[in-house]
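Trainee: I keep meeting labels without seeing the reasoning behind them. Can we go through some together?
Mentor: Yes. Ask how each label is earned, and we will set the value against the cut-off.

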Amino acid sequence: MIENLEQEFVNLLEDNQNILHKICKLYTADLASHQDLFQEMVIQLWKSYPKFKGESKFSTWAYRVSLNTAISLYRSKKTKIATVDWDQSLANIRYEEYNSETEDQLKHLYDAVRQLNDIDKALVYMYLEDKDYTEISETLGISEVNARVKMNRIKNKLKEMLTKKGVV
(Lines give C-alpha, C1' and ligand atoms only; values in the text may rest on other atoms or scores of the structure.)
Protein backbone atom coordinates (compact mmCIF):
# COMPACT_ATOMS: atom_id res chain seq x y z
CA MET A 1 0.00 0.00 0.00
CA ILE A 2 2.73 2.47 0.99
CA GLU A 3 4.82 1.48 -2.05
CA ASN A 4 1.83 2.18 -4.32
CA LEU A 5 1.31 5.55 -2.63
CA GLU A 6 4.99 6.43 -3.11
CA GLN A 7 5.03 5.37 -6.74
CA GLU A 8 1.80 7.24 -7.46
CA PHE A 9 3.26 10.37 -5.85
CA VAL A 10 6.55 10.05 -7.75
CA ASN A 11 4.71 9.67 -11.07
CA LEU A 12 2.45 12.65 -10.42
CA LEU A 13 5.37 14.78 -9.26
CA GLU A 14 7.48 13.91 -12.30
CA ASP A 15 4.57 14.85 -14.57
CA ASN A 16 4.03 18.16 -12.77
CA GLN A 17 7.51 19.22 -11.67
CA ASN A 18 7.54 22.18 -14.06
CA ILE A 19 4.97 23.78 -11.76
CA LEU A 20 7.54 23.71 -8.98
CA HIS A 21 10.35 24.96 -11.23
CA LYS A 22 8.31 27.94 -12.37
CA ILE A 23 7.37 28.85 -8.81
CA CYS A 24 11.05 28.57 -7.86
CA LYS A 25 11.93 30.87 -10.76
CA LEU A 26 9.54 33.50 -9.39
CA TYR A 27 10.70 33.31 -5.79
CA THR A 28 14.46 32.75 -6.15
CA ALA A 29 17.28 34.56 -7.88
CA ASP A 30 20.01 31.91 -8.06
CA LEU A 31 20.36 28.21 -8.78
CA ALA A 32 21.22 27.15 -5.22
CA SER A 33 18.12 28.87 -3.81
CA HIS A 34 16.06 27.40 -6.68
CA GLN A 35 17.22 23.89 -5.80
CA ASP A 36 16.67 24.42 -2.05
CA LEU A 37 13.14 25.71 -2.60
CA PHE A 38 12.37 22.90 -5.06
CA GLN A 39 13.48 20.33 -2.47
CA GLU A 40 11.44 21.96 0.28
CA MET A 41 8.34 22.03 -1.94
CA VAL A 42 8.78 18.31 -2.75
CA ILE A 43 9.08 17.54 0.96
CA GLN A 44 5.96 19.55 1.78
CA LEU A 45 4.04 17.91 -1.06
CA TRP A 46 5.08 14.45 0.16
CA LYS A 47 4.16 15.24 3.77
CA SER A 48 0.76 16.52 2.62
CA TYR A 49 0.09 13.86 -0.01
CA PRO A 50 -1.74 11.41 2.29
CA LYS A 51 -4.29 14.19 2.93
CA PHE A 52 -4.82 14.81 -0.82
CA LYS A 53 -8.35 13.59 -1.46
CA GLY A 54 -8.47 14.13 -5.20
CA GLU A 55 -11.25 16.72 -4.93
CA SER A 56 -9.20 18.90 -7.28
CA LYS A 57 -6.61 18.08 -9.90
CA PHE A 58 -3.18 17.12 -8.58
CA SER A 59 -1.72 20.14 -10.38
CA THR A 60 -4.11 22.54 -8.61
CA TRP A 61 -3.29 21.01 -5.25
CA ALA A 62 0.46 21.09 -6.04
CA TYR A 63 0.18 24.80 -6.97
CA ARG A 64 -1.43 25.57 -3.64
CA VAL A 65 1.03 23.61 -1.50
CA SER A 66 4.06 24.83 -3.47
CA LEU A 67 2.99 28.47 -3.50
CA ASN A 68 2.23 28.38 0.21
CA THR A 69 5.64 26.83 0.84
CA ALA A 70 7.43 29.47 -1.24
CA ILE A 71 5.46 32.34 0.26
CA SER A 72 5.93 31.23 3.86
CA LEU A 73 9.65 30.53 3.41
CA TYR A 74 10.40 33.84 1.79
CA ARG A 75 8.13 35.85 4.06
CA SER A 76 10.09 34.63 7.05
CA LYS A 77 13.29 35.68 5.22
CA LYS A 78 15.00 32.39 5.99
CA THR A 79 18.39 32.26 4.35
CA LYS A 80 18.79 28.59 5.04
CA ILE A 81 15.95 26.18 4.47
CA ALA A 82 15.56 23.54 7.14
CA THR A 83 15.09 20.13 5.59
CA VAL A 84 13.71 16.88 6.94
CA ASP A 85 14.78 13.32 6.35
CA TRP A 86 12.79 11.72 3.60
CA ASP A 87 12.28 8.21 2.49
CA GLN A 88 15.04 6.89 0.21
CA SER A 89 12.52 5.96 -2.49
CA LEU A 90 11.71 9.66 -2.97
CA ALA A 91 15.36 10.32 -3.76
CA ASN A 92 14.77 8.46 -7.03
CA ILE A 93 12.62 11.23 -8.49
CA ARG A 94 14.15 12.30 -11.77
CA TYR A 95 15.22 15.90 -11.43
CA GLU A 96 15.29 17.72 -14.75
CA GLU A 97 17.79 20.55 -14.67
CA TYR A 98 16.12 23.89 -15.20
CA ASN A 99 17.73 25.76 -18.07
CA SER A 100 17.14 29.48 -17.63
CA GLU A 101 18.94 30.29 -20.88
CA THR A 102 15.92 29.11 -22.84
CA GLU A 103 13.82 31.75 -21.11
CA ASP A 104 16.04 34.81 -21.52
CA GLN A 105 13.22 36.68 -23.24
CA LEU A 106 11.25 36.44 -19.99
CA LYS A 107 14.06 37.80 -17.79
CA HIS A 108 12.68 41.31 -17.68
CA LEU A 109 9.18 40.08 -16.95
CA TYR A 110 10.44 37.86 -14.11
CA ASP A 111 12.45 40.78 -12.71
CA ALA A 112 9.33 42.93 -12.70
CA VAL A 113 7.16 40.16 -11.23
CA ARG A 114 9.70 39.62 -8.41
CA GLN A 115 9.01 43.19 -7.29
CA LEU A 116 5.34 42.37 -6.68
CA ASN A 117 4.01 41.17 -3.33
CA ASP A 118 3.68 37.43 -2.73
CA ILE A 119 -0.01 37.06 -3.57
CA ASP A 120 0.34 39.13 -6.75
CA LYS A 121 3.32 36.98 -7.82
CA ALA A 122 1.25 33.84 -7.38
CA LEU A 123 -1.67 35.33 -9.30
CA VAL A 124 0.59 36.35 -12.23
CA TYR A 125 2.20 32.93 -12.27
CA MET A 126 -1.12 31.12 -12.49
CA TYR A 127 -2.40 33.58 -15.09
CA LEU A 128 0.69 32.97 -17.24
CA GLU A 129 0.02 29.25 -16.90
CA ASP A 130 -3.39 29.82 -18.54
CA LYS A 131 -5.31 28.89 -15.42
CA ASP A 132 -8.87 30.15 -15.44
CA TYR A 133 -10.03 32.58 -12.77
CA THR A 134 -12.06 29.87 -11.05
CA GLU A 135 -8.95 27.75 -10.48
CA ILE A 136 -6.88 30.82 -9.53
CA SER A 137 -9.48 31.89 -6.96
CA GLU A 138 -9.71 28.37 -5.49
CA THR A 139 -5.94 28.04 -5.24
CA LEU A 140 -5.32 31.47 -3.73
CA GLY A 141 -8.42 31.51 -1.54
CA ILE A 142 -9.85 34.73 -2.99
CA SER A 143 -13.05 35.41 -4.89
CA GLU A 144 -13.11 35.09 -8.67
CA VAL A 145 -14.07 38.77 -9.02
CA ASN A 146 -11.19 39.77 -6.75
CA ALA A 147 -8.79 37.67 -8.84
CA ARG A 148 -9.93 39.42 -12.04
CA VAL A 149 -9.68 42.91 -10.56
CA LYS A 150 -6.25 42.21 -9.04
CA MET A 151 -4.98 40.77 -12.33
CA ASN A 152 -6.04 43.86 -14.29
CA ARG A 153 -4.28 46.10 -11.77
CA ILE A 154 -1.17 43.92 -11.88
CA LYS A 155 -1.08 44.00 -15.69
CA ASN A 156 -1.12 47.81 -15.62
CA LYS A 157 1.55 47.88 -12.93
CA LEU A 158 3.82 45.48 -14.84
CA LYS A 159 3.34 47.42 -18.07
CA GLU A 160 4.31 50.61 -16.28
CA MET A 161 7.39 48.95 -14.72
CA LEU A 162 8.53 47.49 -18.05
CA THR A 163 7.91 50.78 -19.85
CA LYS A 164 10.11 52.62 -17.33
CA LYS A 165 12.89 50.10 -18.04
CA GLY A 166 12.46 50.65 -21.77
CA VAL A 167 11.45 47.03 -22.37
CA VAL A 168 7.96 47.73 -23.70
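Trainee: Where is Thr69 placed?
Mentor: Thr69 sits in helix α3. Keep in mind that this is a predicted model.
Trainee: What makes Thr69 count as buried or exposed?
Mentor: Its relative accessibility is 7%. Buried means under 20%. The value falls under that cut-off, so Thr69 counts as buried.
Trainee: Which residues does Thr69 touch, leaving out those up to four places away in sequence?
Mentor: Thr69 touches Glu40, Met41 and Gln44. Take Gln44: it is 25 residues from Thr69 in sequence, yet the two C-alpha atoms are 7.3 Å apart.

Trainee: How do you know whether α3 as a whole is enclosed?
Mentor: Count its buried residues. In α3, 13 of the 18 residues are buried, so the helix is largely enclosed by the rest of the structure.
Trainee: What span should α3 have, and what does the model give?
Mentor: At 1.5 Å a residue, its 18 residues should span 26 Å. The end C-alpha atoms of α3 are 25 Å apart, which agrees.

Trainee: Why is α2 called oblique to α3?
Mentor: Helix α2, residues 31-48, packs against α3 at about 125 degrees, and the axes are 9 Å apart. Roughly perpendicular stops at 115, and roughly antiparallel needs over 145. The angle of about 125 degrees fits neither, so α2 is oblique to α3.
Trainee: What is the handedness of that crossing, and which residues meet?
Mentor: The crossing of α2 and α3 is right-handed. On the α2 side, the contact includes Leu37, Glu40, Met41 and Gln44. On the α3 side, Trp61, Val65, Thr69 and Leu73 are among the residues they meet. By class, this contact has nine nonpolar, five polar and one charged residues.

Trainee: What makes α3 and α6 oblique to each other?
Mentor: Helix α3 covers residues 58-75 and helix α6 covers residues 133-140. They pack at about 45 degrees, with axes 9 Å apart. Roughly parallel needs under 35 degrees, and roughly perpendicular begins at 65. About 45 fits neither, so α3 and α6 are oblique.
Trainee: Which residues make that contact?
Mentor: Thr60, Tyr63, Arg64 and Leu67 of α3 meet Glu135, Glu138, Thr139 and Leu140 of α6. They divide into three nonpolar, two polar and three charged. The crossing of α3 and α6 is right-handed.

Trainee: Why is α4 said to be oblique to α7?
Mentor: Helix α4, residues 107-114, and helix α7, residues 144-164, pack at about 120 degrees, with axes 10 Å apart. The roughly perpendicular range ends at 115, and roughly antiparallel needs over 145. About 120 lies outside both, so α4 is oblique to α7.
Trainee: What residues form the contact of α4 with α7?
Mentor: His108, Leu109, Ala112 and Val113 of α4, with Leu158, Met161 and Leu162 of α7. Six are nonpolar, one is polar and none is charged.

Trainee: How do you know whether Gln115 is buried or exposed?
Mentor: Exposed means over 50%. Gln115 has a relative accessible area of 51%, so it is exposed. Gln115 lies in the loop between α4 and α5. Neighbours within four places aside, Gln115 is in contact with Met161 and Lys165.
Trainee: And Asp120, buried or exposed?
Mentor: Asp120 has a relative accessible area of 10%. That is under 20%, so Asp120 is buried. Asp120 belongs to helix α5, residues 118-128. Not counting residues up to four places away, Asp120 touches Lys150 and Ile154.

Trainee: What is notable about the phi of Asp130?
Mentor: Most residues other than glycine have a negative phi. Asp130 has a phi near 60 degrees, a positive value in a residue other than glycine. Asp130 is in the loop between α5 and α6.
Trainee: What makes Asp130 exposed?
Mentor: Its relative accessibility is 71%. The cut-off is over 50%, so Asp130 counts as exposed.

Definitions and conventions. Residues numbered from 1 in each chain as written. Predicted model: local features only at pLDDT ≥ 70, side-chain atom pairs only at ≥ 80, totals over all residues. Heavy atoms only, no water. Axes fitted to C-alpha atoms, helices over the stretch in contact; angles between N-to-C directions. Helix = DSSP H or I, 4+ residues; strand = E, 2+ residues; numbered from the N terminus. Left-handed = near helix turned anticlockwise from the far one by under 90°. Contact = heavy atoms within 4.5 Å. Nonpolar A, V, L, I, M, F, W, Y, C, P; charged D, E, K, R; others polar. Expected span 1.5 Å × (residues − 1). Buried < 20%, exposed > 50% of the residue type's maximum accessible area, 1.4 Å probe, protein only.
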